[in-house]
Every structure is written in C-alpha cells, then in structure tokens.
Amino acid sequence: MRIGLLGTGPWAQMAHAPALGEHTGVDFVGVWGRRPDAAKDLAARHDIRAYDDVDALLADVDAVAVALPPAVQAELAVRAARAGCHLLLDKPLATTAEQGRAVVEAAGEAGVASVVFFTTRFQPETEEWITQQAAAQGWFTAHAQWLGAVFSDGDSPFADSPWRREKGALWDVGPHALSVLLPVLGEVRQVAAAAQGPGDTVHLVLGHAGGASSTLTLSLTAPSAASGAAVELRGEAGVTRLPASTQGVVPAFVRATDALLAAARTGRPHPCDAAFGLRVTEILTQADALLNRGG
C-alpha cells in the first residue's frame, strides 16, 4: 500500500513519519504540509517526495496518515476519502459533530477503511487489559485521570499548538480517556456534569448504558511532578488499574498502520474507526456545552 502523510508538525515528526518509514507493509511515498519549507525538510529526512499540491499527493497514494489540527484533518479526510484513499487519522477526529459525520459519511460512500490513532488502544499491554476488562461483568464505577504538563513545564513541543490552546485538555487528552472507558463500560448515555478546574483542567461525570458511572479528570496544565495517566475500575471482580506501557508512540503507530492494512484488506471495520472517533467527538461536544453553560 502506498501511503502519504498530511502534516509536518511535531507529532508528524515524532510519530507518523518514523513509523511509516520503518513499516515494511507500506510504501511511504510523500508528505504535504501547510508550510512548504517544513514539508521539504521532513521529506529530505525520510527520502520521500514533498508535495506542493495536496490533491497531487492524494492521486499518488492508496492511503493517507493525517497529523493536522482536528478541523483541518476533518476537511482533508473528506477530500482524501472521495479520492479513494484509506484514512489513518489522529484524535480527536474533529471538534464538531458535523465535521465528524462528514468524515464518516465520505468514508462510507467511498468504501475506504479508517482507523483513528488513540495511542492507548495500540499499545500491547493496555490493549490486552482493555480487552480483558471489556469481557468482564459487573463494573460499578471507574475513574480516569489524564494529566499533562504541556502548558506548565515550558519544554513541550506542543505548548504553542493553537488548537490545543483553544480547546484544552478536554479535546486533547479527553479522547484518550474515552477510548479506554467506552469499550469497557459501554456507551455513554449521559454527560451528567462538567466543571472547570485550574487552568484548562476539567472534571466530567458520565453515566454509561450498562449502569456504571465514571469520572474523568483532564488537564494539560498539571505540575510536571503530578503528570501522568491512570484508570481505575471497581466492580464485582474487585479493583483493577490500567497497566503502564513499555512501548512508545512509534511502535504504537506501526500497530495502527497494521490495523488500517487489515481493515482495508478484509473490509471489516476496526473498533477505532471513524465512527468511533465520531462518537468520542459527540461526547466531548456535550461536555463542552455543559462547561460553556457553567456546568
């Protein structure tokens, strides 16, 4: 499969390009970016072509990986699907339900596969744990904390990201927490509460279709010493916690690429496809509305 990359920022450089370059099942042929000079630099590092015209790249490949702000991603994902390209997308899929639905509809109409890269879902230890807990019964409650120091430690390459500055932790790390909780506790039937904390910190309370409840604490302004991710489940089986992963983002993105190849080959949707990404966007939109109304 010939694949191209849309985007040249830190995440494209750290995760997408290295993973696509080392993957033996794809031919990484080119990159397009909104900054042509950055595209040329990234292309030179990976011995691929820098495209000035995104439609020219879409015409040359079978699939695209997207590392762009969510609103830009959604627009280009629709164009890519209509050009017949399979989609390896990033979270969040979009920041409005309308944008997300447009991606899902375009992919469905074109018959292309889609995978959204929720990192935790593509790391072996955490993927296995999620599968095990989803098969268990009797979960009573869960708490997820996704605390980053992106805006507080001064060294993060993502600190100047305009969309993260605008949308905050709810939209940046909220998708990670939901990607763990939804397959285990089931569909969210109610966003029961949402409250602001320090900086961009938010607290959510969710009611799930199976009867369990969950709480989420999300932040990109946590002190460095307090940063980290944790998920704890409590129920009839006792207490269990999300294990730490021993693999970084590049191996995880390689696994996500494997998932896209399998979905394209078999026609079977992956659990983290664009439709799942849309559902995450819908939940975050509900939470955002509550926050804007003061909880």
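Entry 1, helix axes. I take an axis to be a line fitted to C-alpha atoms, for helices over the stretch in contact, and I read angles from 0 to 180 degrees between N-to-C directions. The model I am looking at is a predicted one.

Entry 2, α5 against α10. With that in hand I looked up α5 and α10, whose axes come within 9 Å and cross at roughly 170 degrees. Angles over 145 degrees count as roughly antiparallel, and α5 and α10 are therefore noted as roughly antiparallel to each other. On the α5 side I listed A97, G100, R101, V103 and V104 as making the contact, and on the α10 side A274, A275, L278, T281, E282 and T285. Sorted by class, the residues of this contact of α5 with α10 come out as six nonpolar, three polar and two charged.

Entry 3, α4 against α5. I then turned to the pairing of α5 (residues 97–110) with α4 (residues 70–82), and found that they pack at an angle of about 15 degrees with their axes 8 Å apart. Because angles under 35 degrees count as roughly parallel, I entered α4 and α5 as roughly parallel to each other. I also noted that the crossing of α4 and α5 is left-handed. The contact draws on A71, A74, A77, V78 and A81 from α4, and on Q99, A102, V103, A106, A107 and A110 from α5. By class I wrote down 10 nonpolar residues, one polar and no charged for the contact of α4 with α5.

Entry 4, α7 against α8. For α7 and α8 (residues 174–185) I read axes that come within 6 Å and cross at roughly 15 degrees. These two helices, α7 and α8, are therefore also set down as roughly parallel to each other. A169, L170, W171 and D172 of α7 make the contact with G174, P175 and H176 of α8. I divided the residues of the contact of α7 with α8 into four nonpolar, two polar and one charged.

Entry 5, the largest pocket. Here I looked up the volume and recorded about 1200 Å³ of space in the largest pocket. Its lining has 49 residues, and those that lie nearest the centre are W11, K91, F158, R164 and D172. The elements that give two or more residues to the lining of the largest pocket are α1 (10–22), α4, β7 (139–147), α7 (162–172) and β11 (228–235). I counted the lining of the largest pocket by class as 26 nonpolar, 16 polar and seven charged. D172 thus appears in my notes twice, once nearest the centre of the largest pocket and once in the contact of α7 with α8.

Entry 6, the second largest pocket. For the second largest pocket I noted a volume of about 250 Å³. It is lined by 17 residues, and V112, A113, S114, P269 and D273 are the closest to its centre. The elements giving two or more residues to this lining are α5, α9 (249–266) and α10 (274–292). Of these, I marked α5 as giving the most, with three residues. The class division for the lining of the second largest pocket is nine nonpolar, six polar and two charged.

Entry 7, backbone. I kept in mind that most residues other than glycine have a negative phi, and that most peptide bonds are trans. Which bond is cis? I found that a cis peptide bond joins K91 and P92, with omega of about -10 degrees. P92 sits in the loop between β5 (86–90) and α5, while K91 is one of the residues nearest the centre of the largest pocket. I also entered D47, which is not a glycine and yet has a positive phi of about 55 degrees. D47 is placed in the loop between α2 (36–46) and β3 (49–51).

Methods: Residues are numbered from 1 along each chain as its sequence is written. This is a predicted model: local features need pLDDT of at least 70, side-chain atom pairs count only at pLDDT 80 or more; totals for chains, interfaces and linings use all residues. Side-chain values use heavy atoms; hydrogens and water are left out. Angles under 35 degrees count as roughly parallel, over 145 as roughly antiparallel, 65 to 115 as roughly perpendicular and the rest as oblique. A crossing is left-handed if the near helix is turned anticlockwise from the far one by less than a right angle, and right-handed if clockwise. Contact means heavy atoms within 4.5 Å. Ala, Val, Leu, Ile, Met, Phe, Trp, Tyr, Cys and Pro count as nonpolar, Asp, Glu, Lys and Arg as charged, and the others, Gly among them, as polar. On a 1 Å grid over the protein atoms alone, a cavity is a set of points where a 1.4 Å probe fits but cannot get out, and a pocket is an open set with protein on both sides within 12 Å along at least five of seven lines; lining residues have an atom within 4 Å of a point. Grid points are joined across faces, edges and corners, and a volume is the space filled by probe spheres set on the points.
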